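Student: I have a structure to read and some questions about it. Can we take them one by one?

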Amino acid sequence: MSDKLKPFRRFRGWLILLAVVLCLGVIIAWLYNSTYFPIKQVKIEGNLARTNSTELEKIAQEYMRGNIFQADLNGAQVAFESMPWIDTVVVSRKLPDTVEIQLAEHQPVARWKDGRLVSSSGKIFKASSDEVFPVFEGEPGTEKNMAEHYELFQQQLVPLNLKIQKLIYTPRSAWSVELDNHITVHLGREKEKERLTRFAEVWRSILKPQQAVLDYVDMRYKDGFAIRKKAAESPAPANENQQED
């Protein structure tokens with residue numbers, strides 16, 4: 001007898017499931033078209049120093065129409081992300097009547113060799129700016145590594161009152177730093193942080209007094225360095241240690 005009831009029970013289960021789905025569909029349709037949940041607030045949050053507020057409001061008005069459930073959050077996110085200075089976007093509903101938009105801008109630290117900007121997180125983006133930034137000269141895909149090294153190198157140079165004018169990362173993975181006094185410091189492919197530390201140690205006592213005539217300082221020596229003066233034809237090693245990579 002129980003075997004004969006199995007098809008009926010299965011059919012009843014499907015009917016119940018169908019009824020639940022239909023009820024949910026009706027509820028969702030009612031919520032979507034309801035006039036009881038109008039959008040009363042659109043909050044745009046973030047430390048925005050470079051983005052046009054009028055453009056932000058225009059995008060918000062375009063995508064935040066109807067009630068809270070009709071707001072096109074995905075469309076708004078794509079539109080905000082297309083703005084030149086915007087880095088990250090989070091758009092969310094806060095029932096019953098609020099849409100929150102959290103924006104974060106790119107923080108530029110340099111220009112890529114083609115003129116585009118590089119953010120502190122190593123993202124290349126195109127935006128208009130009259131600010132003067134150091135130049136990154138490297139291969140595609142190295143921008144994040146270069147941004148990280150730039151921050152580390154600059155921290156070491158700040159106490160010396162020196163700034164990076166150009167950061168170079170060659171296809172052979174060798175680092176060079178061109179300073180704002182037009183002296184280039186060659187750091188090589190390894191131990192670049194240690195070598196810049198050694199440069200800082202000898203800068204004030206040995207190198208700074210003759211900076212006006214220096215072309216480059218080569219720190220790729222185990223215990224010393226070499227210099228080249230602007231009028232010289234060949235580098236003058238500070239000691240006889242063999243050059244490293």
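The questions below go through a sheet, a loop residue and some salt bridges.

Student: What kind of model is this?
Tutor: Keep one point in mind before reading any value. The model is predicted.

Student: In what order do the strands of the open sheet of 3 strands lie?
Tutor: Start with the edges. β1 (41–45) and β2 (86–94) each pair on one side only. The pairing in the sheet is mixed, and the order is β1-β3-β2.

Student: By how many degrees are neighbouring strands of this sheet turned against each other on average?
Tutor: The sheet here is the open one with 3 strands. Direction is ignored for this angle, and the average turn between neighbours is 15°.

Student: Do β1 and β3 run parallel or antiparallel?
Tutor: Strands of a sheet can pair in either sense, through backbone hydrogen bonds. Between β1 and β3 there are 5 bridges. One pair is Lys43 with Glu100 of β3. The sense of β1 and β3 is parallel.

Student: Over how many bridges do β2 and β3 pair?
Tutor: Strand β3 covers residues 98–105, and its pairing with β2 is antiparallel. A hairpin of 3 residues links β2 to β3. Val91 faces Ile101 in β3 as its opposite residue. The count of bridges between β2 and β3 is 8.

Student: Which residue stands opposite Ser92 in β3?
Tutor: Look at the antiparallel pair, β2 and β3. Lys43 also has its bridge partner in β3, and that partner is Glu100. Opposite Ser92 stands Glu100.

Student: How many of the residues of β3 are buried?
Tutor: Buried means under 20% relative accessible area. β3 has 8 residues and is mostly covered. The buried count in β3 is 6.

Student: At about what angle does helix α3 run to β2?
Tutor: Helix α3 spans residues 73–81. It lies across β2 and β3. Its angle to β2 is about 160°.

Student: Is Asn67 buried or exposed?
Tutor: Asn67 sits in the loop between α2 (53–63) and α3. Its relative accessibility is 3%. The cut-off for buried is under 20%, so Asn67 counts as buried.

Student: Which residue's backbone nitrogen does the side chain of Asn67 reach?
Tutor: Asn67 belongs to the loop between α2 and α3. Its side chain comes to 2.9 Å from a backbone nitrogen, that of Gln70.

Student: How many salt bridges does a search of the whole structure find?
Tutor: One of them joins Arg116 and Asp114, with closest N and O atoms 2.8 Å apart. Arg116 has a relative accessible area of 35% and is partly exposed. Asp114 is partly exposed at 47%. The search of the whole structure gives 6.

Student: How many residues apart in sequence are the parts that Glu131 and Arg50 tie together?
Tutor: The side chains of Glu131 and Arg50 meet in a salt bridge at 2.5 Å, N to O. Glu131 is in the loop between β6 (124–125) and β7 (135–137), while Arg50 is in the loop between β1 and α2. So the pair ties together parts whose separation in sequence, in residues, is 81.

Student: Is Asp218 buried or exposed?
Tutor: Asp218 forms a salt bridge with Arg220, the closest N and O atoms being 2.8 Å apart. Arg220 is partly exposed at 23%. Asp218 has a relative accessible area of 4%. Under 20% means buried, so Asp218 is buried.

Definitions and conventions
Residues numbered from 1 in each chain as written. Predicted model: local features only at pLDDT ≥ 70, side-chain atom pairs only at ≥ 80, totals over all residues. Heavy atoms only, no water. Pairing = 2+ DSSP bridges. Helix = DSSP H or I, 4+ residues; strand = E, 2+ residues; numbered from the N terminus. Axes fitted to C-alpha atoms, helices over the stretch in contact; angles between N-to-C directions. Contact = heavy atoms within 4.5 Å. Buried < 20%, exposed > 50% of the residue type's maximum accessible area, 1.4 Å probe, protein only. Polar contact = N/O pair within 3.5 Å; in protein donor to acceptor, adjacent residues only side chain to side chain. Salt bridge = Lys/Arg side-chain N within 4 Å of Asp/Glu carboxyl O.
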